[in-house]
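Me: Please take a close look at the charged side chains in this model. Then connect them to the rest of the chain, in short sentences and with every term explained.

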Amino acid sequence: MEPQTQAKKSNVVLILDYGSQYTHLITRRIRSLSIFSLTINGTSSLDTIKELDPRVIILSGGPHSVHAEGAPCFPPGFIEYVESRGIHVLGICYGLQLIVQKLGGVVKIGEKHEYGRMEIEVGKNVIGGLFGNTEIGDKQVVWMSHGDEAVKLPEGFEVVARSSQGAVAAIENRERRFYGLQYHPEVTHSTEGMKTLRHFLFDVCGITAGWKMEDVLEEEIKVIKGMVGPEDHVICALSGGVDSTVAAKLVHKAIGDRLHCVFVDNGLLRYKERERVMDLFEKRLHLPVTCVDATEEFLSKLKGVTEPEMKRKIIGKEFINIFDLFAHDVEKKVGKKPTYLVQGTLYPDVIESCPPPGSGRTHSHTIKSHHNVGGLPKDMKLKLIEPLKLLFKDEVRELGKILDISEDFLKRHPFPGPGLAVRIPGDVTAGNSLDILRQVDEIFIQSIRDAKIYDEIWQAFAVFLPVKTVGVQGDQRTHSHAVALRAVTSQDGMTADWYYFDFKFLDDVSRKICNSVRGVNRVLLDITSKPPSTIEWE
């Protein structure tokens, strides 16, 4: 997906990322206003910024100090460029400090660091600017996270809000179109944050809402048609999940029967997943799919492997080997070898895998590799088509509706590309861990469906724990396995809260599992949010 084709250039909001854990939220909040926003590396070249032709630029927060050696910064010529083009610039936290320092002000280590919720007060005589909307109160609770503070503003700037401790909380120079917030309006803890962003973008910057999923579909089809030649053939890796299915339907709409789908049974699927998925593709979605049984290949490569990142890399490499073999089969059939591979990579996958410079995030830490992002081998022969890589999960579901994919399927919970391998800490092939996990997971998910709470939950699954515990079953001592249950609520998968089950439901599920699954005598519940945990265990 080429960023410059995603929206009318006059309405693009560009976010320069300096490593804040909340940067993705800025992108998401702005898109929720029907405005296209895109995040790129904060140190991207001026040519890259010019090519995207933004109407507004937001400088994100970050963990650095502007005084630190090698602290990230916008490129040379940035100030001159935005002023010559009349671009509005908003600095958030570290971004505010960059503006202050680079335009001639002074930033120092604060005497009192400000973290967490804090009250700020807007100046008495503030007219227009960041707080010109009368719906935004004079006092509001915001989310702070900074150690440095601006102590002297550049010429022409004014303080428009201060914290309860007296520190600068918001600044602006309306004539030069520079604005700054020393807090994070994008997080829900900032009570008036969305009102402030909405007012800034619509009223101050003059942005017009209008970015829609229909635009994404139209532009993506153009991009795919321009990328794939009229005689080229493409293969698509279908996992049975929402992302790869939407990607397949989109590409199929663009190039028709030159798309060849493959579903790989890697031995790491859920209970009866292969049969259910193939029935879905053939009878409901009408996608031509070839099923490849590669159970032996995957499990033999994973035997004895316990390190999570190594598992993902092995799985990613083995998937590509299977796709290469499938490409040879397609070549025999159509007389031309496919040169492209479609994958349902999403924006959160790209963010968490911390792609290399130029892709948007070089000032934050790698959380985990995704088999369809960081797990791909460097010598892969097939070129990638990733039509969803700038979209969040809920946006993909909206796109799926436009492509006439049934709503019940689009509401299906996410399932990781590496499958059950990341839900079995340790050796995946040890004992009968896969069989046990499949049975436990099926009971858990079916119970959720029976309780009619499936749609309230973003993702639910079971985890096989590499420990045995003592129990009593049938008046006999047992030394059997423990399993964990996890269910979370979320909007985009980037942050998540654990789901609050009714105690009666948990009691029933625990009894069903221990009574039905041979080899399990203890059931645990994961009540950790994201952060600090990820949704999956590995």
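Reply: The chain carries 67 positive and 72 negative side chains. Lys and Arg count as positive, Asp and Glu as negative, while His and the chain ends are not counted. The centres of the two sets lie 2 Å apart. For this, each charge is placed at NZ of Lys, CZ of Arg, CG of Asp or CD of Glu.

This is a predicted model, where local features need pLDDT of at least 70, side-chain atom pairs count only at pLDDT 80 or more, and totals for chains, interfaces and linings use all residues. Residues are numbered from 1 along each chain as its sequence is written, and side-chain values use heavy atoms, with hydrogens and water left out.

Two of the negative residues deserve a closer look. Asp 53 sits in the loop between helix H2 (46–52) and strand E3 (56–59). Helices (H or I, at least four residues) and strands (E, at least two) are DSSP runs, numbered from the N terminus. Phi of Asp 53 is near 50 degrees, which is positive, yet the residue is not glycine. Most residues other than glycine have a negative phi. Asp 53 is partly exposed, because its relative accessible area is 22%. The scale runs like this: under 20% is buried, over 50% is exposed, and partly exposed is in between (1.4 Å probe, protein chains only).

Asp 404 also has a positive phi, about 65 degrees, and is not a glycine either. The loop between helix H12 (393–402) and H13 holds Asp 404. At 69% relative accessibility, Asp 404 is exposed.

H13 leads on to another loop. Phe 415 lies between helix H13 (407–410) and helix H14 (433–450). Its relative accessible area is 18%, so Phe 415 counts as buried. What does Phe 415 touch, leaving aside neighbours within four places in sequence? The partners are Leu 268, Arg 270, Leu 420 and Arg 423. Contact means heavy atoms within 4.5 Å. Two positive residues, Arg 270 and Arg 423, are thus on the list. A negative residue comes into view as well: the C-alpha atoms of Phe 415 and Glu 536 are 9.6 Å apart, with their places 121 residues apart along the chain.

Now for the end of the chain. A positive residue, Lys 530, is joined to Pro 531 by a cis peptide bond, with omega about -15 degrees. The bond from Pro 531 to Pro 532 is cis too, with omega near 15 degrees. Most peptide bonds are trans. Pro 531 is in the segment after strand E18 (520–525), and Pro 532 is in that segment too.

Finally, the whole chain. There are 15 helices and 18 strands. The radius of gyration is 25 Å, close to the 24 Å of the globule rule for 538 residues, so the chain is as compact as a globular protein of that length. That radius is taken over C-alpha atoms, and the rule is 2.2 Å times the number of residues to the power 0.38. Of the 538 residues, 58% are buried. The C-alpha trace spans about 75 × 65 × 40 Å along its principal axes. Among contacts between residues at least 6 apart in sequence, 76% join residues at least 24 apart.
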